[in-house]
Amino acid sequence: ACMALARALDFPMLVRVGDASLREILQALDLGAAGIVVPHVDSVEKAVDTAKSARYGLHGRGYAGSSRRAGYATQAMPDLLQRSKDETVVVAQIEEPSGVDIVDHFAQVWGIDGLFLGPADLSVGYGFDHQTSPELFAALERCGKAAKNNGKAYMTFVPDAEKAAEWQKYGLSMFFVSSEHNWMRAG
């Protein structure tokens, strides 16, 4: 219902899929998402498969002309293929140390448009119960360099605008600030 309303209002939405499976990716895009955020991208193979699954064409996803994204069969195939190529956004979440270890490689993958560093997941992966470790800060810096060197957007979650200002030094280009849960609890 949210996706139908967003499409009707020409409001592009990203969907965080449950995993990198073809089924999850196809479902989100066919329902009308402009792009996807994919958790636990920790290998070059997973990055390549994710990027291919999100795009029509050879070795990618098949053509779906009757989906919501295709205007329920009201768009010509060439138009839909071009629109998908132009507008689809794929964001890879880096949530494990293994993802940081290879970020220089998978940031080069065509079709991955942005990197999202999950600071809480990554901190736990490094063995900490806080987000102030030198390992986390080194990961923020390393991923920022990989994003910049490969022309990718770079984003993370922060609790407030103050943390966003503090972490800008890592090259982040986008911040997800707080959450709907915190806003509701704040009244």
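## Strands 4, 5 and 6

Strand 4 and strand 5 (residues 153–158) run parallel and are joined by 4 bridges. One of the contacts can be pinned to a residue pair: glycine 114 has alanine 153 as its bridge partner in strand 5. This is a predicted model, so read what follows as a description of that prediction.

Moving on from strand 5, the next link goes to strand 6, again parallel and again through 4 bridges. Here valine 158 finds its bridge partner in valine 177 of strand 6.

## Strands 2, 3 and 4

On its other side, strand 4 (residues 114–117) pairs with strand 3 (residues 89–94) in the parallel sense, over 4 bridges. Glycine 114 turns up here too, as the strand 4 bridge partner of valine 91. A second pair in this stretch is glutamine 93 with phenylalanine 116 of strand 4.

Strand 3 also takes a partner in strand 2 (residues 35–38), with 4 bridges between the two and a parallel run. Valine 38 is matched with alanine 92 of strand 3. As for cover, strand 3 has 5 of its 6 residues buried, so call it mostly covered.

## The whole sheet

Put together, the sheet is an open one of 6 strands, ordered 1-2-3-4-5-6 and paired in parallel. Which strands stand at the edges? They are strand 1 (14–16) and strand 6 (174–177), and each has a single partner strand, so one side of each goes without a neighbour in the sheet. On average, neighbouring strands are turned by 20° against each other, ignoring direction.

As general background, strands of a sheet pair through backbone hydrogen bonds, in either a parallel or an antiparallel way.

## Salt bridges

The salt bridge count comes to 7. One of them joins the side chains of arginine 55 and aspartate 113, at 2.9 Å from N to O. Arginine 55 sits in the loop between helix 3 (44–53) and helix 4 (77–87), while aspartate 113 sits in the loop between helix 6 (103–106) and strand 4, so this pair ties together parts that are 58 residues apart in sequence. Is each partner buried or exposed? Arginine 55 is buried, with a relative accessible area of 9%, whereas aspartate 113 counts as partly exposed at 30%.

Another salt bridge stays within one helix. Glutamate 166 and lysine 163 meet at 3.5 Å, N to O. Both residues belong to helix 9 (residues 161–167) and are 3 residues apart, about one turn of the helix. Glutamate 166 is partly exposed, with 40% relative accessible area, and lysine 163 also counts as partly exposed, at 23%.

## Around glutamate 24

Glutamate 24 has its place in helix 2 (residues 22–30). Its side chain meets that of arginine 23 in a salt bridge of 3.9 Å, N to O. The cut-off for such a contact is 4 Å, so the pair at 3.9 Å is counted.

Glutamate 24 is partly exposed, with a relative accessible area of 22%. Arginine 23, by contrast, is exposed, with 58%. The buried class ends at under 20% and the exposed class starts at over 50%, which is why these two residues get their separate labels. For a sense of span, glutamate 24 and glutamate 141 are 117 residues apart in sequence, and their C-alpha atoms are 30 Å apart in space.

## A nonpolar patch

Leu5, Leu9 and Phe11 make up a nonpolar surface patch of about 370 Å². Leucine 5 belongs to helix 1 (residues 2–8). With 53% relative accessibility, leucine 5 counts as exposed; the cut-off for that label is over 50%.

## Cysteines

How many disulfides does the structure hold? The number is 0. Two of the cysteines can be placed by their accessibility: cysteine 2 is exposed, with a relative accessible area of 59%, while cysteine 143 is buried, with 0%.

Definitions and conventions:
Residues numbered from 1 in each chain as written. Predicted model: local features only at pLDDT ≥ 70, side-chain atom pairs only at ≥ 80, totals over all residues. Heavy atoms only, no water. Pairing = 2+ DSSP bridges. Axes fitted to C-alpha atoms, helices over the stretch in contact; angles between N-to-C directions. Patch = residues over 30% accessible without salt bridge, like charges linked within 9 Å, V, L, I, M, F, W, Y side chains within 5 Å. Areas by Shrake-Rupley, 256 points an atom, 1.4 Å probe, with all protein chains shown as cover. Buried < 20%, exposed > 50% of the residue type's maximum accessible area, 1.4 Å probe, protein only. Disulfide = S-S within 2.5 Å.
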